[in-house]
Amino acid sequence: MSLSPSELASLLVEEIKKATSKEEDRAVGRVIAVGDGIATVYGLPGAMLGELLSFPNGVKGLVMNLNRETIGAVLLSKTNSVSEGDPVYATGRVLETKVGDALLGRVVSALGEPLDDDGPIETPSYRPIERIAPGVMERESVNTPLETGLLAIDSMIPIGRGQRELIIGDRQTGKTSIAIDAIVNQKGKGVKCVYVAIGQKNSSVAQIAARLRALGSMEYTCIVSASASDPAPELYIAPFAGMAMAEEWMEKGEDVLIVFDDLSKHAVAYRALSLLLRRSPGREAYPGDIFYLHSRLLERACKLSEERGGGSITALPIVETQAGDISSYIPTNVISITDGQIFLTSDRFQAGQRPALDSGLSVSRVGSNAQTKAMKEASSSLKIELAAYRENLSFAQFGSDLDADTRKILAHGSTLEAGLRQKNYSPLPMPLQVITLLALKSGALDGLDVEAVVALLARLRECYLDEASDILDELSAKKRLDDDLREKIAAKTSYFLEREKQ
């Protein structure tokens, strides 16, 4: 077949266009500088923010800076195997992590790769680590309790399914213990749990995993670990990956509890990446988008409407303070994002109060909507009574001659504080919490020392479990205190106290 010169020219132009488009589809760039886990790439004009890049030797990178001539990418692994001049390929995909039930009972990396010795993780499901949070019309209000099993929290700072409640305090004040207790208390309640360890020691993560296995809680829990020895990019993506894992279950109509331990180290890792990428430093050298970093993460925790399946993600982010300074940069950022905070203090912790809760600065913005009616009635005046106790206690330090009313307030408040003490890994179900609160508020234990109150309440709960399980079952079924049930509880508690005096 003969072609005219014009037809031949047009055919050649088409072939050149096809070849050019194939080369653009391949999208090859070159590394022009690399160091500290950051690669500067020339080329790739069509690269997108958050796109996954492929480097030689199986190294993956994440696009985080788009400049006029170059791209700034963070390397996710094997950073020493990338050198100047290496080719870089655009994948057209965003970063994804493994999701699904295969992750339950496992300790995994941010990308869902196993870190334990239980073999490979086989799952066909992957999700992007970043996504836009559900809109307001796709959500419903928080109205179902997520009980932590800790009397002080469930009574005064209730947490609901779909809520974001910050746990904040200095080092070594029991922040992680509260989160682990909340996970342990979900056993048998149909709530899956994700614990994201950010910048923790590997030995600490191993201890947590061993403790959860010993308590039978690891079977419904996944631990995502980005340890202190891992590069900063892994610490940066870990909480987003954990949230993606939780969303897989939420969108199937299930309830999920996710713990971020802790977002202070996450912010530091992001600050390190941002400074290496030559982003402008702002307050305390954090980049300007540090607030957006945590807000886009925590906004994904919510309770979906029934039309969307009714699933929920409850987030418990942890933030560390310095010398109790709750007004510093990262704490105030996260406080403004969340639906309340549990503030722990070193003074109370060192005094033996566990949890070391400051009930004045702690708050739940969901409030009694996340409580059963029985708990709401039993704990109605607890915060006010504790506030009165602490106010009078501060005045009592300056004077020895106290009137009868003040002595009564001090005795009652001391009993309340003692009764709210709780050991690690011993969560209480709602009926036993209500029984304990009613006994404390009755005033029958006032005047006893701390150890006597703790021991007496422990025996009271054992008495109900052994001799009055029908009352506990009725309370668990009704979830409210009617007159008949109140009389039964008052009679049983009075009988127990009389027996204890003999």
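## Exercises on a pocket, a sheet and a buried arginine

**Exercise 1.** In this predicted model, which helix gives the largest share of the lining of the largest pocket?

*Solution.* The largest share comes from α4, which contributes 5 residues to the lining of the largest pocket. As a next step, one can note that α3 and α4 (202-214) each supply at least two residues of that lining. The pocket itself has a volume of about 750 Å³, and among the 25 residues lining it, those closest to its centre are Q172, T176, Q200, S204 and D261.

**Exercise 2.** Determine the order of the strands in the open sheet of 8 strands, and then place helix α3 against it.

*Solution.* The order reads β8-β12-β11-β13-β14-β10-β15-β16, with mixed pairing. Its edge strands are β8 (107-108) and β16, each of which pairs on one side only. Within the sheet, β13 (residues 255-261) and β14 (residues 312-320) run parallel and are joined by 7 bridges, and L257 stands opposite T314 in β14. Helix α3 (residues 175-184) packs on this sheet, where it touches β10, β11, β12, β13, β14 and β15, and its direction makes about 165 degrees with that of β14.

**Exercise 3.** Is R354 buried or exposed, and where does its side chain make a polar contact?

*Solution.* R354 lies in the loop between α9 (346-350) and β16 (363-364). Its relative accessibility is 13%, and because buried means under 20%, R354 counts as buried. The R354 side chain makes a polar contact with the side chain of N424, at 2.9 Å. Beyond its neighbours within four places in sequence, R354 is in contact with residues including S177, I178 and D181, as well as L420 and R421.

Definitions and conventions. Residues are numbered from 1 along each chain as its sequence is written. This is a predicted model: local features need pLDDT of at least 70, side-chain atom pairs count only at pLDDT 80 or more; totals for chains, interfaces and linings use all residues. Side-chain values use heavy atoms; hydrogens and water are left out. Helices (H or I, at least four residues) and strands (E, at least two) are DSSP runs, numbered from the N terminus. Buried means under 20% relative accessible area, exposed over 50%, partly exposed in between (1.4 Å probe, protein chains only). A polar contact is a pair of N or O atoms within 3.5 Å; within protein, one must be able to donate a hydrogen and the other to accept it, and residues adjacent in sequence count only if both atoms are side-chain atoms. Contact means heavy atoms within 4.5 Å. Two strands pair if DSSP finds at least two bridges between them. Axes are lines fitted to C-alpha atoms, for helices over the stretch in contact, and angles run from 0 to 180 degrees between N-to-C directions. On a 1 Å grid over the protein atoms alone, a cavity is a set of points where a 1.4 Å probe fits but cannot get out, and a pocket is an open set with protein on both sides within 12 Å along at least five of seven lines; lining residues have an atom within 4 Å of a point. Grid points are joined across faces, edges and corners, and a volume is the space filled by probe spheres set on the points.
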